[in-house]
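Please look through the sequence and the structure shown here before reading on. The report is written for a reader who is new to describing such models.

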Amino acid sequence: MFGIDILGTGIYTPSIRVTNDDMAKIVDTNDEWISTRTGIKSRNLTDGEPTWKMGAEAAKQALENAGIDGSEVGLIIDTTVTSDFMTPSVACLIQREIGAANAAAFDLNAACSGFVYALDTAKRFLQTDDNLKYVLVVANETLSNFVDFSDRSSCILFGDGAAAAVVTRSEKLFASFLGADGKGSVALYAKNAPVYHPFRKTEKNLMETNEFAAGTTKLIQDGKEVYKFATKALPEAASRAAEKVGLDISEIDWFIPHQANIRIIETAAKNIGVSMDKFIVNIENHGNTSSASIPIALHEAIAEGKIKKGEKICLVGFGAGLTMGAVIMEY
Ligand code: UT7
C-alpha cells in the first residue's frame, strides 16, 4: 500500500497562559461552566508573535526531530485560517524562515480539518512525484486575531498555537476520507472587511445582504449547530476512512480528534463504540486551536510515549466550512 511515514513533529506554544478565571475577568463566565461544558481549563495566546513565526518555530523542531535539513524539504503545506497576510502565503514565509529554498509552498484552508486535509494532500503529492522526498505540513493558528472577546459563548473556547510534521513516502497502511457541507458555512465564520474600490457603483456591503451577520469581522458561531455536526462528523469520517481499507474501527489503537469540546469527543466515542481510553485528549491545556489542535495532540502523545511506532492512529477533524476528514495510518 502507498502510505506516508511521520518522521518528526514539533510544536510551538505561545507564552500567555489564560485560565478560566482570567476569562471570568473579561466576560460573565466562570471556571465551573467552562470546565463542565467544554473540558477546557486554560489556553495559550500569542503576545503578538505572528502566525508564520509560530509555524516556523514548530517547523524547526519537527525538522530537528526528523533529522532533516530545511533544504531537503520539497513541499510545504500550511493549514492556517489566520494568515498574517492576504498574500504571500504563510507557507512561503515559513520557507524563508527555515531555509527551505528547494520547496514549493502553499496554504490550504480547511479550517479545523486542515491538518487531515494536508496529510491527504501530502500523500497524493508524494505518490505522483518521484522527485519529492519530504513534505512539511505546518498547522499554525492565531485565533485570538478574530475571536470576539465580548462573546462569552465563543471566546472561552479558542487558543493559539502551532504544530508541524515532516512526512515521507512509505508502504504503511494509509486511508483517508475528506468531506464538506457548504450549506453549513453560516454556522461558523469570520468575514474579511469590505473593500470599496474607486470605480465601484454599489455602496451597499453585499456581503451583508445575505445570511452572514452584518458589521463584524469577528468570529461568529452557532455553537449548537456545530456541536450537532461534530458529533456525527467524527464517527462518519473515521468509519468511511476505515471502510476504504476494510479495517474495523476496533483495530485502531489511537484516535486523535480535533480538540473542540470534551463533550463532543465523548459523544463521538460513544457513537463509534470506542472507549475514551483510546482517545488522545489535551483540550484541558490548549482549548481549541483549530487546525493546530490535532498535530499538537499528536506531538504531545508521541513525546509522552503514548503512541508507539507501528500502532494504527486515526486523526479525525471537523470545522468551519463545514468540513470533516479522517486519516488512518500506521505511526
Ligand atoms: O472547531 C469547531 C469549533 N466550534 C465548536 O466545536 C463549538 C461546538 N459547540 C459547543 O462546544 C457548545 O455548543 C458551546 C460550548 C459553544 C456551548 O455549550 P452549550 O452546552 O451548547 O450551551 P448553550 O449555548 O446551550 O448555553 C447554555 C447557557 C445559556 O444561558 P441560558 O440561555 O440557558 O440562560 C448561555 O447564555 O449557558 C450560557 N453560556 C455561558 N454561561 C457561562 C454560554 N456561554 C457561557 C459561558 N459562561 N462562557
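What follows describes the surroundings of the ligand, then two sheets, and then some details of the backbone.

The structure is a predicted model, and every value below was computed from it.

**The ligand and its shell**

The ligand is surrounded by 22 residues, and the closest of these are Thr-29, Arg-37, Gln-221, Lys-224 and Asn-261. Sorted by the kind of residue, the shell around the ligand consists of nine nonpolar, eight polar and five charged residues. Several helices take part in this shell, for α2 (31-38), α6 (152-155), α7 (223-244) and α8 (262-272) each supply at least two of its residues. Of these contributions to the shell, α7 provides the largest share, with four residues.

Where does the ligand lie with respect to domain 1 and domain 2? Because domain 1 (3-172) and domain 2 (175-185 + 216-330) both give residues to the shell around the ligand, the ligand lies between them.

The table lists polar side-chain atoms together with the ligand atom that each one approaches.

| Residue with the polar side-chain atom | Ligand atom | Distance |
|---|---|---|
| Arg-37 | oxygen | 2.8 Å |
| Gln-221 | nitrogen | 2.6 Å |
| Asn-288 | oxygen | 2.9 Å |

Taken alone, the ligand would expose 950 Å², and the protein buries 74% of that area.

**The sheet of four strands**

Four strands, in the order β8-β13-β12-β11, make up an open sheet in which the pairing is mixed. The strands β8 (174-180) and β11 (254-257) stand at the edges and have a single partner strand each, so one side of each is left without a neighbour in the sheet. From one strand to the next, the twist averages 10 degrees.

Within this sheet, β11 and strand β12 (residues 312-319) run parallel and are joined by four bridges. To see one particular pair, look at Pro-257, whose bridge partner in β12 is Val-316.

**The sheet of five strands**

Another open sheet contains five strands in the order β1-β7-β6-β4-β5, and its pairing is likewise mixed. Which strands form the edges of this sheet, pairing on one side only? They are β1 (3-12) and β5 (104-107). On average, and with direction ignored, neighbouring strands of this sheet are turned by 20 degrees against each other.

Strand β4 (residues 73-78) pairs with strand β6 (residues 134-142) in the parallel sense, and five bridges connect them. Here Asp-78 is the residue that stands opposite Val-138 in β6.

**Details of the backbone in loops**

The remaining points concern the peptide bonds and backbone angles of some loop residues. Thr-87 and Pro-88 are joined by a cis peptide bond, with omega at about 10 degrees, and Pro-88 has its place in the loop between β4 and α4 (90-98). A cis peptide bond also joins Gly-321 and Leu-322, where omega is about -5 degrees; Leu-322 is found in the loop between β12 and β13 (323-330).

What is notable about the phi angle of Ala-111? Its value is near 50 degrees, which is positive although Ala-111 is a residue other than glycine. Ala-111 is found in the loop between β5 and α5 (114-128).

Technical notes:
Residues are numbered from 1 along each chain as its sequence is written. This is a predicted model: local features need pLDDT of at least 70, side-chain atom pairs count only at pLDDT 80 or more; totals for chains, interfaces and linings use all residues. Side-chain values use heavy atoms; hydrogens and water are left out. A residue is near a molecule or strand if one of its heavy atoms lies within 4 Å of it. A polar contact is a pair of N or O atoms within 3.5 Å; within protein, one must be able to donate a hydrogen and the other to accept it, and residues adjacent in sequence count only if both atoms are side-chain atoms. Accessible areas come from the Shrake-Rupley method with a 1.4 Å probe; for residues, only the protein chains shown count as cover. Ala, Val, Leu, Ile, Met, Phe, Trp, Tyr, Cys and Pro count as nonpolar, Asp, Glu, Lys and Arg as charged, and the others, Gly among them, as polar. Domain bounds come from an automatic or database domain assignment. Two strands pair if DSSP finds at least two bridges between them. Axes are lines fitted to C-alpha atoms, for helices over the stretch in contact, and angles run from 0 to 180 degrees between N-to-C directions.
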